[in-house]
Amino acid sequence: MSSIQDRAPRARWHWVAAGTTAAVISLSALGAPAAFATSHDQAGPGQVPQAAATTAVAAHPISATAIAQQMQTAIQAASPGTTVGIDVVDTTTGTAVASLNADQQFYTASVVKLLIALDTLGNPGAQSDPDTVAKVTQMLSASDDDIADQLWDVGGNNAIIDRMVAVIGLNATTAPEDTAQWGETLTTPRDVVSIFHYITTQAPAATRDLVLGALHNTAQTAADGTDQFFGIPDALSGANWAVKQGWMDLDSSTTLDTTGLVGPAADQAYRYAVVVLSTQPAGTSWSAAGAALTAGVTLLHAALK
């Protein structure tokens with residue numbers, strides 16, 4: 001199997017308006033005080049302290065890159081030798097909360113099931129066919145590989161990737177060299193954010209509701225017995241999330257991905273697209289690999305508000 005490839009950085013795609021600058025998160029957003037005030041003149045009875053008597057100290061900004069680097073450090077501390085790509089975007093403003101290696105390609109593993117689902121549901125009559133709806137729902141919520149195999153074959157294998165790249169406008173997602181191995185599709189964190197953007201803003205309402213419903217109801221135990229609650233679900237407990245996880249073993253590496261939409265609290269709408277893709281050393285156990293991603297995503301707690 002060929003190694004993960006790097007692609008040249010591309011223009012930043014923004015959720016709302018092109019030209020929006022990258023987000024800068026202040027220390028106050030991470031739980032540290034943004035400023036302090038001191039009164040130099042004591043106000044007498046009935047008097048209001050003068051405005052000039054207050055001195056404010058501005059917060060030192062923490063960039064989206066710095067936050068992502070902190071996440072990377074936590075992940076690599078738990079799983080040495082890991083390469084990680086991160087893109088976390090505030091969907092209300094289109095700005096990046098955390099971003100690192102966002103244009104680097106990683107294997108999708110089961111994250112490609114998002115594209116298989118969208119392609120399948122785009123077929124005439126798919127939404128009104130209970131069997132198709134049930135299969136897509138099970139494929140997403142339980143990450144069912146057998147159903148993915150069926151839909152991959154019916155859809156023409158790599159033709160699914162080619163169609164969805166064109167429909168969504170993905171910049172760096174490529175079909176697998178071995179057409180039977182859908183999990184070896186290559187993508188970037190930024191392209192996965194674009195997929196979630198498409199689901200929430202451009203997909204037909206019925207498709208959007210079916211996909212998000214399945215991702216929101218992701219089962220803790222996948223169809224193959226894997227615990228899917230690593231990364232986003234474990235790290236952001238109490239949040240409202242809709243996730244698509246991915247995992248895959250190769251002779252040369254272990255792939256583990258946590259991706260999804262997140263609302264800061266259980267009763268809040270999805271506001272953030274969170275994508276963390278990783279290539280970990282071959283033979284890394286699922287529990288160790290998952291704990292590493294959880295350690296990284298945990299650092300987003302203060303920023304996702």
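All six residues of strand 4 are buried, so to speak of this strand is to speak of a mostly covered element: six of its six residues are buried. The model described here is a predicted one. Its protein chain has nine helices and nine strands, and buried residues make up 50% of the chain's 305 residues.

Strand 4 belongs to an open sheet of five strands, which has the order 4-3-9-8-7 and antiparallel pairing. Strand 4 (95–100) and strand 7 (240–249) stand at the edges of this sheet; each has a single partner strand, so one side of each is left without a neighbour in the sheet. From one strand to the next, the twist averages 5 degrees. Strands of a sheet pair through backbone hydrogen bonds, in either a parallel or an antiparallel manner.

At one edge, strand 4 runs antiparallel to strand 3 (residues 83–90), and five bridges join the two. Asp87 has Ser99 in strand 4 as its bridge partner, and Val88 stands opposite Ala98 in strand 4. Strand 3 and strand 4 form a hairpin with four residues between the strands, where Gly94 takes a positive phi near 80 degrees.

At the other edge is strand 7. Nine of its ten residues are buried, so strand 7 is largely enclosed by the rest of the structure. Its partner is strand 8 (residues 253–263), which runs antiparallel to strand 7 and is joined to it by ten bridges. Across this pairing, Lys244 stands opposite Thr259 in strand 8. The connection from strand 7 to strand 8 is a hairpin of three residues.

Within the sheet order, strand 9 comes between strand 3 and strand 8. Val275 has its place in strand 9 and can serve as an example of its surroundings. With a relative accessible area of 0%, Val275 is buried. Residues up to four places away in sequence aside, Val275 touches Gly85, Ile86, Asp87, Pro189, Val192, Val193, Thr258 and Thr259. One of these, Thr259, is 16 residues from Val275 in sequence, yet the C-alpha atoms of the two are 4.3 Å apart in space. Thr259 is also the residue in strand 8 that Lys244 stands opposite.

The next topic is the packing of nonpolar residues. In soluble globular proteins, nonpolar side chains tend to be buried together. Here the largest nonpolar core has 41 residues, and Leu114 and Leu140 touch the most other members. Several elements each supply at least two residues of this core: helix 2 (113–121), helix 3 (130–141), helix 4 (145–154), helix 5 (158–168), helix 6 (189–201), helix 7 (205–216) and strand 9 (272–281). Neighbours within four places in sequence aside, Leu114 is in contact with Leu140, Ile195, Phe196, Ile199, Val211, Leu215 and Lys244. A second core, separate from the largest, has 33 residues, among them Ile86, Val88, Trp241 and Tyr272.

Trp241 also takes part in one of the two aromatic pairs that the structure holds. The ring centres of Phe229 and Trp241 are 5.4 Å apart and the ring planes stand at 85 degrees, so this pair is edge-to-face. Phe229 lies in the loop between helix 7 and helix 8 (232–235), while Trp241 is in strand 7, so the pair ties together parts that are twelve residues apart in sequence. Phe229 and Trp241 are both buried.

Phe230 and Trp247 form the other aromatic pair, also edge-to-face, at 6.4 Å centre to centre and with 80 degrees between the planes. Phe230 lies in the loop between helix 7 and helix 8, and Trp247 in strand 7, so this pair ties together parts that are 17 residues apart in sequence. Phe230 counts as buried because its relative accessibility is 6%. Trp247, with a relative accessible area of 9%, is buried too.

Two values describe the chain as a whole. Among contacts between residues at least 6 apart in sequence, 68% join residues at least 24 apart. The protein chain exposes about 13000 Å², and carbon and sulfur atoms supply 53% of that area.

Terms used
Residues numbered from 1 in each chain as written. Predicted model: local features only at pLDDT ≥ 70, side-chain atom pairs only at ≥ 80, totals over all residues. Heavy atoms only, no water. Pairing = 2+ DSSP bridges. Axes fitted to C-alpha atoms, helices over the stretch in contact; angles between N-to-C directions. Core = buried A, V, L, I, M, F, W, Y, C linked by side-chain atoms within 4.5 Å. Buried < 20%, exposed > 50% of the residue type's maximum accessible area, 1.4 Å probe, protein only. Contact = heavy atoms within 4.5 Å. Phe/Tyr/Trp six-rings, centres within 6.5 Å; stacked < 30°, edge-to-face > 60°. Areas by Shrake-Rupley, 256 points an atom, 1.4 Å probe, with all protein chains shown as cover.
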